[in-house]
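Hi,

Here is the structure I promised to send over. Have a look at it first, and my notes on the helix packing and the empty spaces follow underneath.

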Amino acid sequence: MTITRLGLVVALASTLGLTAQSAAGEELSVATFVPPQHHTNQIMFKWFGEEIERRSGGTLTMKLYPAGQLGAGPVQQYKRAVEGVGDITFGVTAYTPALFPKSMLAILPGAAENADDSTRRIWAIFDEYFADEFTEVKVLAVGTVAGSLFVGTRDVSTLEGLKGAKLVPFAAMTTPIVEALGAVPVQMPVTEMYTGLSTGTIDVTTASYNNLTPPWNFWDVASHVVENVPVSFAVTFAVMNKERYMSLSDEHRAIIDELAGLPMSLKLAESFDGADERSKKMIAEAEKGYEWIVVSDEERARMDAAVAEGLEAIFADYESRGIANAREIYAALNR
C-alpha cells in the first residue's frame, strides 16, 4: 500500500469514527417532581425536546424523569441541577426562598393578572435584577403560575368574610398580606389542600383555576369559589447544570441558547395559562355544589388597600435583611 493510499485510509477511518461519535449524540436528563401528565411536561418540556432534536438533526435529545425519579420532592430541585443529579431540573423558588429573595418579589400581587403577563415582566428586567441569583446554573426558563382564586368552605368575598379565615397563600412571604386581609396564614403543600378543606384544617386556599378540576378536584370539597381577588404567583424555573452545558459542542450550546430565556419561559407560562383555560371550560360544563362569587369593585379596592399595607411590611423586612432595592424591583415589575 502506498503512503498516499495509507493516508486516505487513515483519514477515512478517522472521519467514520467522528461520524459514529456524532451519531451517538447527546441525551440530556430532565428531573422533575411533577407526574408525567403534568402540563409543564406535556407542553414546555415536550416543546423543548422536539426543538433540540429537530434543530440538531437528532444529535441532541432529552429524556424526562418525572415524579421524582431522580430525587423525591420539590425542595432540592435547584441543588440537583447544581450538583448534576439531573442535567436539567424543574423547580419552584418558594421551596428555597433564601436562594431567590429578589426573584420571589414576582410572587406578590401587582399589575399582572396571568402567567404570560407576569413572565414577560420578569424577563423585561431579568438581567438587571434577577440573573445574579442563578449564576450556578444555565437558566432555561423562569416563569409563573397565577393564583387567581380563593377556594374554600366559607364566603371570603369581603374583608369581613376573610376575617379569621385560615388561608393558605401561594408562598410564606405573603404572610403580611394575608394578615392585612384579616385572615390567618397556614402553610400547606398543594398535595394536602384537598384533605385540609374537607376536614376543616383550613378554610380557604389561594388557587389557580386548574386546582378546581382534576387532578386536584378542589371543586368537590369547596362551598365557595371567589374570583376577582388580588392575584399572587408561584415563580418556577427550569435550569441546567452549568458543567453539562459547557461540555456540549458549540452547535448544541447554540441551539439551547436560542430556546432558553424568554422563549422557553413563555412556553412555561403557556402550560399554566393553558391548563387554566382548559379548566375554565370544564368548570362551565360541570354541575358542582359550590357558589361562584365575583368580588365587587368596591370590595376589591378594599382588598387592594390591605395588600398595599402588607407590601409595606414585606419591603421593610427586605430592607432589614440588606436588600435595599426591593421596592425598586417591585416597581420595575409592575410599571
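Let me start with a cavity. The lining of the second largest one divides into ten nonpolar residues, three polar and one charged. Before I go on, please keep in mind that this is a predicted model. The volume of that second largest cavity is about 90 Å³, and 14 residues line it, with A106, L108, A112, S118 and N334 closest to its centre. Two helices, helix 4 (115-124) and helix 14 (326-333), each give at least two residues to this lining. Helix 4 has the largest share, at three residues.

As for the other cavities, the count comes to three of 30 Å³ or more. The largest has a volume of about 120 Å³. Its lining is made up of 13 residues, and F150, I177, T206, P230 and S232 are the ones nearest the centre. What is the make-up of the lining of the largest cavity by class? Ten of its residues are nonpolar and three are polar, with no charged residues.

Now the pockets. The largest pocket comes out at about 1,300 Å³. It is lined by 49 residues, and V92, Y95, V145, V190 and A234 sit closest to its centre. By class, the lining of the largest pocket has 33 nonpolar, twelve polar and four charged residues. Several elements give at least two residues each to this lining: strand 3 (88-92), helix 9 (209-212), strand 10 (232-241), helix 12 and helix 13 (297-320). Which of the elements has the largest share of the lining of the largest pocket? That is helix 12, with six residues.

The second largest pocket has a volume of about 190 Å³. Of its 14 lining residues, E113, N114, S148, Y209 and K280 are the closest to the centre. Helix 12 turns up here too, with the largest share of the lining of the second largest pocket at four residues. By class, this lining has seven charged residues, four nonpolar and three polar.

On to helix packing, where helix 12 (residues 262-285) is worth following. Helix 4 packs against helix 12 at an angle of about 155 degrees, and their axes are 8 Å apart. Angles over 145 degrees count as roughly antiparallel, and therefore helix 4 and helix 12 are roughly antiparallel to each other. Their crossing is right-handed. On the helix 4 side the contact is made by A115, D116, T119, R120 and W123, and on the helix 12 side by L262, S265, L266, A269, F272 and D273. Sorted by class, the residues of the contact of helix 4 with helix 12 are six nonpolar, two polar and three charged.

Helix 2 (residues 39-55) packs on helix 12 as well. The axes of helix 2 and helix 12 come within 9 Å and cross at roughly 150 degrees, which makes helix 2 roughly antiparallel to helix 12. The crossing of helix 2 and helix 12 is right-handed. From helix 2, the residues in the contact are H39, T40, I43, M44, F45, W47 and F48, and they meet P263, M264, K267, L268, E270, S271, F272, A275 and R278 of helix 12. By class, the contact of helix 2 with helix 12 has ten nonpolar, three polar and three charged residues. If you have the model open, click on F272: it is listed in the contact with helix 4 and in the contact with helix 2.

The last pair is helix 13 with helix 14. Their axes come within 9 Å and cross at roughly 130 degrees, which makes helix 13 oblique to helix 14. Helix 13 brings L311, E312, F315, Y318 and E319 to the contact, and helix 14 brings A326, R327 and Y330. What classes do the residues of the contact of helix 13 with helix 14 divide into? Five are nonpolar and three are charged, with no polar residues.

If you only have a minute, I'd go to helix 12, which has the largest share of the lining in the largest pocket and in the second largest pocket.

Cheers

Terms used
Residues numbered from 1 in each chain as written. Predicted model: local features only at pLDDT ≥ 70, side-chain atom pairs only at ≥ 80, totals over all residues. Heavy atoms only, no water. 1 Å grid on protein atoms, 1.4 Å probe; cavity = no way out; pocket = protein on both sides within 12 Å on 5 of 7 lines; lining within 4 Å. Points joined across faces, edges and corners; volume = space filled by probe spheres on them. Nonpolar A, V, L, I, M, F, W, Y, C, P; charged D, E, K, R; others polar. Axes fitted to C-alpha atoms, helices over the stretch in contact; angles between N-to-C directions. Parallel < 35°, antiparallel > 145°, perpendicular 65-115°, else oblique. Left-handed = near helix turned anticlockwise from the far one by under 90°. Contact = heavy atoms within 4.5 Å.
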